[in-house]
Amino acid sequence: MSPQVPQPLAGLRVVEFTHMVMGPTCGMVLADMGAEVIKVEPVGGDRTRTLLGAGAGFFPMFNRNKKSIQLDLHQPEGAEAARRLCATADVVVENFKPGTMAKYGLDYASLAQVNPRVIYATHKGFLPGPYEHRTALDEVVQMMGGLAYMTGRPGDPLRAGTSVNDIMGGLFGAIGALGALIQRGITGRGMEVQSALYENNVFLMGQHMLQYAVTGKPAAPLPARDNPWAVYDVFTVKDGEQIFLAAVSDAQWNKFCDVLGFADLKAEPGLATNNQRVQQRPRLLATLRERLAHRGAAELSSLMEQAGLPFAPIRRPEDLFDDEHLLATGGLADITLPDGDKAGQQVKTTLFPITMDGSRLGVRLQPPKLGEHGRELLAAAGYSPTQIDDLQQRAVIR
């Protein structure tokens with residue numbers, strides 16, 4: 001990574017007790033912005049290192065720019081080592097079940113007695129209240145929080161196709177931590193920040209809740225919604241390819257007809273305005289589907305782009321590795337896989353989707369090998385080489 005890339009959190013130390021996606025996302029955001037992030041893993045490692053299938057990308061995606069130390073918190077010496085690390089931390093991040101961290105003296109109340117400046121970003125399924133005892137997953141809160149209802153067809157709730165609440169819950173945790181850091185600069189004291197899956201999901205549903213409050217009409221699942229635009233859909237075209245096309249204003253509709261040679265539709269009085277077209281939507285879409293079926297997706301993309309009209313080819317995640325925009329703008333970066341059959345191989349990952357001073361925030365540290373930085377971190381915390389050897393021999397660290 002270029003030394004000119006801003007690192008606004010350089011000099012900030014974060015100690016992270018996380019697994020899965022939400023907590024690691026918070027730590028990754030802080031790490032990408034320059035913080036030193038120490039990932040404390042159990043002996044044997046964060047279980048996401050070895051997940052298969054849909055979980056295979058969790059660890060390398062959300063744990064770049066971090067250091068790793070293995071500690072057995074069940075042993076008093078391991079918990080003590082963790083507390084010593086936290087005593088030097090600006091931010092502690094965790095996402096375990098309520099009460100877990102307190103068992104090891106790693107909860108906010110315990111750590112703040114020693115380090116009153118610490119900011120403690122905790123990530124849970126639910127904020128404190130009647131549901132806080134429940135075990136939550138992204139899928140659980142999508143189902144109970146309206147997102148699956150809005151995503152699927154009527155009667156067929158469907159979770160979104162990515163870990164949307166986990167990832168955004170981590171982002172909100174990072175936002176809270178950054179706000180607490182600013183407040184600490186004023187008061188000199190830290191605070192606890194809480195983020196939760198369910199409340200994150202409800203926040204995403206706010207626009208649909210307010211739609212009901214304003215109109216008195218419940219929001220329909222998106223596949224069955226009352227669409228405010230007539231041309232706003234996916235079309236199956238030549239060779240079975242699919243493309244999303246839209247015309248959301250009268251000017252766009254006229255241009256749409258011009259570039260596609262639909263002079264008759266443009267001249268039809270009953271299709272002159274958007275609301276008229278919405279009333280004729282079933283008939284209009286059937287006509288468009290018939291006329292576009294023989295046109296190629298690449299041809300249509302070129303015509304829409306030249307005309308400045310909204311369009312999108314339907315692509316799969318693996319297609320994005322070859323996306324010309326991402327490749328040209330540095331939106332993908334190389335990382336080395338730390339675990340599994342492909343350990344040591346280089347692949348591309350997505351970067352945090354912002355620029356700072358015109359630069360993307362890149363990869364300073366590869367996703368860490370398990371316990372890669374343990375000895376150096378303990379030495380910096382005041383442990384002698386003999387003490388570290390003893391802890392290793394007793395499997396307190398690895």
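The exercises below work through the two sheets of this predicted model.

**Exercise 1.** Give the strand order of the six-stranded open sheet and name its edge strands.

Solution. Start with the order, which reads β3-β2-β1-β4-β5-β6. The pairing in this sheet is parallel. Next, look for strands that pair on one side only: these are β3 (66-70) and β6 (192-196), the edge strands. Last, take the twist: neighbouring strands are turned by 20° against each other on average, direction ignored.

**Exercise 2.** Find how many bridges join β4 to β5, and which residue of β5 stands opposite E94.

Solution. Locate β4 at residues 91-94 and β5 at residues 119-124. Between these parallel strands there are four bridges. Then follow E94 across to β5, where its opposite residue is T122.

**Exercise 3.** Identify the strands that helix α3 lies across.

Solution. Take α3 as residues 76-86. The helix lies across β1 (13-17), β2 (36-41), β3 and β4. Its direction is at about 145° to β1.

**Exercise 4.** Describe the three-stranded open sheet: order, edges and twist.

Solution. The order is β7-β8-β9, with antiparallel pairing. β7 (231-236) and β9 (311-313) each pair on one side only, as edge strands. From one strand to the next, the twist averages 15°. For the β7 and β8 pair, with β8 at residues 242-247, count six bridges. V231 is found opposite A247 in β8.

**Exercise 5.** State at what angles helices α10 and α13 run to the strands β8 and β7, respectively.

Solution. Helix α10 (residues 250-260) lies across β7 and β8 and runs at about 130° to β8. Helix α13 (residues 281-292) also lies across β7 and β8. For α13, the angle is about 35° to β7.

Notes: Residues numbered from 1 in each chain as written. Predicted model: local features only at pLDDT ≥ 70, side-chain atom pairs only at ≥ 80, totals over all residues. Heavy atoms only, no water. Pairing = 2+ DSSP bridges. Helix = DSSP H or I, 4+ residues; strand = E, 2+ residues; numbered from the N terminus. Axes fitted to C-alpha atoms, helices over the stretch in contact; angles between N-to-C directions. Contact = heavy atoms within 4.5 Å.
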